[in-house]
Amino acid sequence: MGFSRKRILVSGGAGFLGSHLCTRLVEAGHDVLSVDNYFTGRKENIAHLLSNPRFEAMRHDVTFPLYVEVDEIYNLACPASPIHYQFDPVQTTKTSVVGAINMLGLAKRVKAKVFQASTSEVYGDPEVHPQTEDYRGNVNPLGPRACYDEGKRAAETLFFDYHRQHEVRIKVARIFNTYGPRMHPQDGRVVSNFIMQALTGQPITLYGTGSQTRAFCFVDDLVEGFIRLMGTGDEVTGPVNLGNPHEISVRELAERVIKLTGSKSEIVFEPLPQDDPTQRCPDIGLARRTLGWEPQVPLEKGLQATIDYFKGVVRERG
Ligand code: NAD
Ligand code: UDP
Ligand code: UDP
């Protein structure tokens with residue numbers, strides 16, 4: 001089959017994942033429109049694309065309607081780290097819910113395929129391990145994480161209702177913890193915190209005992225999964241888990257980062273945040289079967305690339 005050039009909208013295009021996705025799509029020869037309100041995204045993340053005539057960046061908040069003509073939409077707009085999404089929780093829910101309505105309304109009008117960046121947080125603090133897509137989750141609807149978790153759950157509901165009611169072509173991915181270059185150095189997420197702390201000689205802050213687990217996916221692997229999911233036939237709607245099934249404790253992550261950076265930072269213990277999931281790891285059987293996808297980048301290699309990126313950030317700050 002020959003190449004078919006598409007007009008693709010990426011909401012949240014100046015964020016961590018969005019900027020990598022825009023880069024991949026532009027490199028593949030598509031016309032890409034990034035839509036972002038720059039709440040957590042940064043123009044530096046897309047600076048390398050601005051001189052490319054196939055790329056366009058628009059400042060816009062997805063809680064307001066957007067009228068453009070496109071073939072595909074990737075809806076990534078939403079702050080993703082706990083400190084950012086808890087900064088203005090009402091806006092977080094609005095972004096997920098009203099943002100989804102606007103992107104779905106747009107997809108319906110122009111008959112575009114629409115991808116939703118959902119999250120493993122829809123499983124809350126899971127009682128089933130590893131998590132499969134049919135697990136319905138254990139979310140506290142009243143806690144500090146709820147604006148994000150419930151917002152994303154409502155967005156999934158909207159995606160499936162627009163699909164059933166209006167035949168909108170949807171692709172829902174449930175993304176697990178992802179890391180890599182262009183993560184926000186101050187977003188409080190564990191990989192960026194540990195690396196920045198290790199590189200600047202600050203203590204490594206381990207919340208709780210550090211025995212809680214996560215499974216970390218390198219950004220390039222994840223973006224490959226996005227593109228494969230978008231490329232599936234209309235019968236594939238998801239939700240599909242996308243993440244790396246290699247599970248480790250947060251303490252082990254701290255030790256790896258210390259080793260790879262050669263840092264002299266010591267580990268200090270801080271209280272575990274409320275509703276912090278004790279374990280999380282994707283079952284990616286569905287992604288393997290439907291997309292022929294699985295992560296390729298081992299943790300050490302991905303961490304090294306991320307450390308190299310953060311070394312540049314530290315240098316720039318002097
Ligand atoms: P990010 O914070 O770097 O990117 C989110 C982007 O959305 C930012 O550029 C931000 O400015 C923009 N944005 C926020 N609110 C907006 C609004 N109202 N209108 C327009 N733009 C808005 O986070 P990320 O890690 O790149 O996450 C991207 C998406 O993937 C999010 O939807 C997130 O929920 C989802 N996700 C990420 C992870 C992960 O590990 N990184 C895990 C699960 C799900
Ligand atoms: N919308 C948009 N761009 C479009 C079409 C719709 O932003 O090109 C928004 C608009 O705000 C609308 C929402 O998407 O309210 C939902 O659209 P839908 O057609 O489902 O509903 P309605 O227009 O009846 O509210
Ligand atoms: N965490 C930690 N120290 C930090 C930042 C996070 O021990 O400086 C822990 C956090 O409590 C959680 C895990 O690392 O158990 C992953 O946190 P992150 O905010 O990156 O992602 P999420 O909790 O959304 O999976």
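In this predicted model, the shell around ligand 1 comprises 13 nonpolar, 14 polar and two charged residues. Of the 29 residues around this ligand, those that come nearest are Gly12, Gly15, Leu17, Thr40 and Gly41. Three elements each give two or more residues to that shell, namely α1 (16-27), α4 (89-110) and β5 (113-119). Helix α1 provides the largest share, with three residues.

Two further ligands have their own surroundings. Ligand 2 sits among Pro65, Leu66, Tyr67, Ile101, Asn102, Gly105, Leu106, Lys108 and Arg109. Sorted by class, this shell holds five nonpolar, two polar and two charged residues. Ligand 3 is surrounded by 15 residues, and the closest of these are Arg189, Val190, Asn193, Thr205 and Tyr207. Here the elements giving two or more residues are α6 (190-200) and β8 (204-207). Strand β8 makes the largest contribution to the shell around ligand 3, three residues. In terms of class, seven residues of the shell around ligand 3 are nonpolar, five are polar and three are charged.

It is worth turning next to the strands, beginning with β1. Strand β1 (residues 7-11) runs parallel to β2, and five bridges join the two. Within this pairing, Val10 stands opposite Ser34 of β2, while Leu9 has Leu33 of β2 as its bridge partner. The connection from β1 to β2 passes through α1, and this β-α-β crossover is right-handed. Helix α1, met above as the source of the largest share of the shell around ligand 1, is thus also the helix of this crossover.

Strand β1 has another parallel partner in β4 (residues 72-75), with four bridges between them. In this case Ile8 of the pair stands opposite Glu72 in β4. Four of the five residues of β1 are buried, so the strand is largely enclosed by the rest of the structure.

How many of the six residues of strand β2 are buried? Five of the six are, so β2 (residues 31-36) is likewise largely enclosed by the rest of the structure. Besides its pairing with β1, β2 pairs in the parallel sense with strand β3 (residues 55-59) over five bridges. Leu33 takes part here too, with Glu56 in β3 as its bridge partner. Leu33 is therefore bridged to Leu9 as well as to Glu56, and in a regular strand the side chains alternate between the two faces of the sheet.

Helix α7 offers a clear example of a one-sided pattern of burial. This helix (residues 219-230) has 12 residues and reaches 17 Å from its first C-alpha to its last, close to the 16 Å expected at 1.5 Å a residue. Which residues of α7 are buried? They are Val219, Leu222, Val223, Gly225, Phe226, Leu229 and Met230. These residues cover an arc of only 155° around the axis, which puts them on the same side of α7. An α-helix has 3.6 residues a turn, so residues three or four places apart point the same way.

Finally, Lys111 is found in the loop between α4 and β5, two elements that also give residues to the shell around ligand 1. Is Lys111 buried or exposed? With 10 other C-beta atoms within 10 Å, Lys111 is exposed. Lys111 and Glu167 are separated by 56 residues in sequence, and their C-alpha atoms lie 9.1 Å apart in space.

Conventions
Residues are numbered from 1 along each chain as its sequence is written. Chains are lettered from A and ligands numbered from 1 in the order in which they are written. This is a predicted model: local features need pLDDT of at least 70, side-chain atom pairs count only at pLDDT 80 or more; totals for chains, interfaces and linings use all residues. The expected span of a helix is 1.5 Å times one less than its number of residues. A residue is buried if 20 or more other C-beta atoms lie within 10 Å of its own, exposed if 12 or fewer, and partly exposed in between; C-beta atoms are placed from the backbone. The arc is that of the directions from the helix axis to the C-beta atoms. A residue is near a molecule or strand if its C-beta atom, placed from the backbone, lies within 6 Å of it. Ala, Val, Leu, Ile, Met, Phe, Trp, Tyr, Cys and Pro count as nonpolar, Asp, Glu, Lys and Arg as charged, and the others, Gly among them, as polar. Two strands pair if DSSP finds at least two bridges between them. A crossover is right-handed if, with the strands pointing away from the viewer, the path from the first strand over the helix to the second runs clockwise.
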